[in-house]
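Here are my notes from a pass through this one, in the order I'd look at things. Have the viewer open as you read.

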Amino acid sequence: MTLTSRLVAAALGLAALAGPALAEFPERNIESIYPWAPGATMAASQVIADAMGEELGVNISVVSTPGAGGVKAFETALSRDADGYTLFDGYVAPLVIQPMKGNADWTYQDFTPLWSATSNSFAIAVRADDDRFDDLSDLIAYMKENPGDLRYSPGVAGGIPHMVGAATLMATDTVAQLVPYPEIDVAVRDMRGGILDFMVTNPGVYNVNKADMKVLAVLSDMEDASTTYGGAPLVGAFDIDIGMANLSPSGWNWWLVRKDTPEDVVTTLRNAMEAALKRDDVHQRLLDMGYVPTGFSPDQYEEIVGAVAGELEHGQKAIEWETEKLNGL
Amino acid sequence: MFDLLIEGAPLYFSPASVLLTVLGIIGGLVIGVLPGLGPLMGIVLLLPVAFHLDPIPAMAMLIAVYVGGSAGGSISAILLRIPGTPLAAATLFDGYPLAQKGRSQDAIGLSITASSLGGLVAGIVLIFFSPVLADFALNFAPPEYAAMALLGLLTIAVVSEGSAIKGMLAGGLGLAVATVGTDEFTQAYRYTFGTINLTSGPNLVAVVVGLFALSELFVQIEGGNFRDRPQIQKLRISFRAFRLIVNHRWNVVRSALLGTGLGAIPGAGGDVSAFVSYAVAKRLASEAEAYGEGAEGGVVATEAANNGTCGGALIPTLSLGIPGDASTAVLLGALFLLGFFPGPELFQYHADVAGGIFLAYLASNVVLIVLGIVLVPFFGTVLKVPKAWLLPLVLLLSTLGTYALQNSVFDLWVMLAFGGIGYVLRKANYPLAPIIIGMILGPVLENNFRRALLLSRDGPMIFLERPISATILAIAAVMLVYVTITTVRPRKRS
Amino acid sequence: MKLREHAYDWLAWLLIGAVPLLIFWQNATSLTEQSVASGGPMSNAAAYPAIIAWILLGLTAVNALRIVAGRISQHSPLDPTPTTRLAMIATALFVAYLLCLGWLGYYIATPVLLTLLFAMLGLGPIASLAGAIAATLIVAAVFEGLLNVVLPLGIFNFTLFG
């Protein structure tokens with residue numbers, strides 16, 4: 001319908017007739033419910049939303065709905081109709097971790113997957129001019145000699161960066177004082193000021209603060225991850241097995257819709273998202289922002305997400321191990 | 001200091017930013033002219049729009065509204081003897097008598113030019129001082145930030161209008177509201193009463209709109225006179241003020257500097273600085289007896305000062321992340337949500353953004369002097385719109401603006417609830433701004449407080465062991481003692 | 001007690017005084033159940049709010065003494081104006097609007113609310129209706145058309161500019 005004809009329809013009081021049954025999906029703007037506060041990560045989702053919207057001929061607006069570690073966004077999207085007009089920006093936290101902790105009553109199998117979007121790995125970084133630590137081995141050796149003396153921040157407590165950080169400490173049987181920062185950017189400030197000794201960073205923060213930080217190890221076993229940190233070594237190079245592989249030690253999101261969404265709508269959305277993700281400009285923009293497009297198809301969902309769920313239990317255990325160690329200091 | 005401007009230039013000088021500065025000034029002037037609404041409301045109503053823009057155009061628009069709104073209030077003060085905003089209350093003293101003498105044109109011209117020039121003077125101070133202060137704040141760590149937040153909040157509570165106790169109660173209420181949501185350290189749900197909607201706390205914008213706009217609408221409806229069209233003199237565009245203002249050049253500079261200095265102290269808003277600089281101008285004037293009877297100098301002093309306050313209030317906001325007043329508190333919140341953290345790192349890592357914001361502030365004041373003069377007849381028309389039209393429209397905009405942030409009807413209930421709270425507190429003569437500042441500084445205070453304790457491992461001594469945080473806390477303590485003394489001792493009030 | 005002269009002061013007092021009690025109650029129940037009400041700064045989410053609550057409680061107590069002792073110079077009596085009733089009705093209309101918004105959708109609920117408000121404030125019926133429809137459409141065009149916001153659709157699933 002053109003704008004004029006819609007206006008005429010409205011004027012004639014035909015509002016009720018303009019229901020969804022008459023038109024082909026999509027005939028109005030779509031919302032993607034994003035689980036965090038606005039920021040760099042939201043910009044990456046917006047890139048995909050814009051491209052996908054262009055493919056569909058409507059706007060997809062990314063609606064920031066932070067709260068309860070992502071659960072609020074999922075609850076919000078679940079409360080909407082299963083008509084394909086509401087997408088879940090399915091971050092691993094609300095999708096896998098929160099149910100695992102008992103904070104949500106769904107599992108990843110309760111959603112219909114579209115395509116996977118992006119992933120970003122985490123890395124251990126110290127001050128650029130910190131000459132105590134040339135590489136990860138130095139850092140670990142120092143922590144072994146002085147347990148609990150160093151202070152580190154993984155950003156938010158309990159998140160994936162915290163899991164991989166704790167898993168690294170557990171694998172090497174070392175301990176450092178945890179200092180959480182809801183805003184990881186602020187942790188960089190305090191690391192530079194000497195308050196923190198190291199941090200678990202993400203590529204976005206690394207990109208902005210390159211000059212002030214030295215990446216000791218990328219906490220991943222994927223070669224691609226190293227490139228987002230200017231070619232820094234992977235943690236495996238130091239003979240450390242953090243007990244998490246593939247996607248597990250990284251942040252990632254998989255776009256989803258409600259389980260009972262009509263099949264033709266799901267197909268339309270999947271095709272549009274595939275086309276959007278395969279565009280070179282989209283690919284490059286995401287990479288430039290530090291996000292690696294993962295490009296897993298809907299049929300790989302079960303296999304990949306299922307595996308991640310198991311390994312995140314390990315990360316959860318690592319955090320519990322760390323808490324005990326810190327309490328025992 | 002100029003490198004910041006040079007770095008910011010490519011960011012600011014885009015068609016979108018310049019256009020939004022112009023629109024922001026017009027919007028700000030209109031909202032300032034309309035009695036009851038002020039720059040804060042303008043900023044709040046445009047927040048949802050801002051979040052759909054790039055950071056610099058968004059900030060340009062919000063800052064322009066802030067500047068335009070602070071200047072616009074004087075027009076209704078001069079023409080109707082109703083200050084459009086509390087900022088313009090002191091403009092009444094001489095602006096209205098001037099208008100009575102048939103010089104409303106000159107009075108408005110003077111107030112606009114004084115506002116604009118005052119703003120520019122403040123802009124220079126802002127550009128000079130913010131990086132210096134930010135540089136100093138590089139030494140800040142969690143204990144200092146916690147102490148700073150505490151001091152900022154205490155000042156705001158003490159300096160706001162009304163009694164200090166009520167100011168502190170309002171600030172404490174803001175701090176309490178800020179604790180609602182998901183705790184950042186334990187990830188526990190705090191005071192959410194079982195609803196998922198509260199897991200990120202009540203939406204700041206919903207609270208601001210409720211406290212300020214909804215309660216104001218209620219008061220306005222109680223005020224009656226919905227269909228009155230005020231009688232005002234016919235207004236034409238006149239550039240005579242450019243010549244008149246030259247006679248007051250020292251007054252402009254002095255008042256603007258006073259305004260900037262007071263503005264930089266968190267809490268001392270534009271209304272305070274307007275009254276102070278009015279008093280100073282009167283004392284120094286060669287014909288002091290003319291003040292109050294329609295002296296040009298009176299209008300110039302108050303308007304230069306209250307726009308200077310805007311620039312001043314931006315200094316601690318940008319360099320420390322401690323807002324100078326309620327409007328800058330919301331600006332600060334906007335900057336957060338756009339992905340930037342005001343403070344030293346803004347100047348270090350996002351010098352272009354900081355520079356862009358400075359340019360936006362300067363440009364706003366330049367645009368103000370042009371549009372403020374050219375659009376005078378239009379403002380005369382705006383003032384004639386009866387309240388019967390205006391009030392429902394403000395309600396609609398408040399509602400949609402709040403809804404659009406998270407597409408949430410729950411936020412609208414939050415807005416309504418805080419509308420009720422705002423009304424009661426307003427009737428009981430509580431200042432409302434400390435609530436907002438408390439909400440914004442609350443997380444800063446709590447997170448840094450707990451972080452500092454984690455860092456120290458042996459309790460709160462860390463706050464006293466570090467010289468800067470100890471100094472800040474000492475200042476706060478002195479202030480507290482002072483307030484206690486003045487509160488306990490009976491005092492005469494006029 | 002000077003209840004009349006300081007009616008709003010007492011109302012505000014009750015309002016603010018209830019906050020620390022809420023905090024203590026929740027600390028003792030919800031936060032204790034989540035086991036985040038004890039321990040060090042990392043695991044204790046209740047300590048900081050409790051400090052705020054004690055401060056509020058202290059200030060509230062002082063404030064009560066001040067009102068009782070007549071140390072508050074500005075009175076705040078309940079003083080309804082001739083149009084306070086209108087303001088109450090407007091509030092009731094707005095509550096009804098919020099209740100119906102999700103169900104009827106923006107395009108039906110908003111013109112009704114605006115027409116009633118305009119008319120209530122003394123505009124003629126035709127002007128009220130026309131103004132309400134115009135305002136609804138213009139504001140919707142900005143929010144849906146320019147800002148891509150999805151306004152409440154209601155049971156008719158209707159949108160104009162989306």
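1. Start with the layout of chain C. The C-alpha centres of domain 1 and domain 2 of chain C lie 39 Å apart. Domain 1 covers 7–68 and domain 2 covers 84–146, going by the domain assignment. Keep in mind that this is a predicted model.

2. Next, the contact between chains C and B. Chain C puts in 55 residues and chain B puts in 50 residues. On the side of chain C that touches chain B, the elements giving two or more residues are α1 (7–33), α2 (47–68), α3 (84–104), α4 and α5 of chain C. What is that side made of, in terms of nonpolar, polar and charged residues? It splits into 38 nonpolar, 15 polar and two charged.

3. Helix α5 of chain C deserves its own look. This helix runs over residues 125–146, 22 residues in total. From first C-alpha to last, α5(C) reaches 31 Å, close to the 32 Å expected at 1.5 Å a residue. Just after α5(C), C:N148 takes a positive phi of about 60°.

4. Which residues of α5(C) are buried? They are C:S128, C:G131, C:A132, C:A135, C:T136, C:V139, C:A140, C:F143 and C:E144. The spacing is worth a glance: an α-helix has 3.6 residues a turn, so residues three or four places apart point the same way. The cover over the buried residues of α5(C) includes α17 (387–406) of chain B, along with α4 (106–120) of chain C.

5. Now the packing. The largest nonpolar core has 341 residues, and A:A123 and B:L62 are those with the most contacts inside it. Helix α5 of chain B (residues 92–137) gives the most to this core, with 19 residues. If you want a spot to zoom in on, try B:L62: leaving out residues up to four places away in sequence, B:L62 touches B:I43, B:L46, B:A50, B:L331 and B:A334.

6. Finally, the sheet in chain A. It is open, has five strands in the order β7-β6-β8-β5-β9, and its pairing is mixed. Why do β7 (177–178) and β9 (213–218) of chain A each have one side without a neighbour in the sheet? Both stand at the edges with a single partner strand each, so one side of each is left free of a sheet neighbour.

7. For β9(A), that partner is worth tracing. Strand β5 of chain A (residues 123–127) is joined to β9(A) by five bridges, and the two run antiparallel. To find the register, go to A:A125, whose bridge partner in β9(A) is A:V215.

Note on methods. Residues numbered from 1 in each chain as written. Chains lettered and ligands numbered in written order. Predicted model: local features only at pLDDT ≥ 70, side-chain atom pairs only at ≥ 80, totals over all residues. Helix = DSSP H or I, 4+ residues; strand = E, 2+ residues; numbered from the N terminus. Expected span 1.5 Å × (residues − 1). Buried ≥ 20, exposed ≤ 12 C-beta atoms within 10 Å, placed from the backbone. Contact = placed C-beta atoms within 7 Å. Pairing = 2+ DSSP bridges. Nonpolar A, V, L, I, M, F, W, Y, C, P; charged D, E, K, R; others polar. Core = buried A, V, L, I, M, F, W, Y, C linked by C-beta atoms within 7 Å. Domains from an automatic or database assignment.
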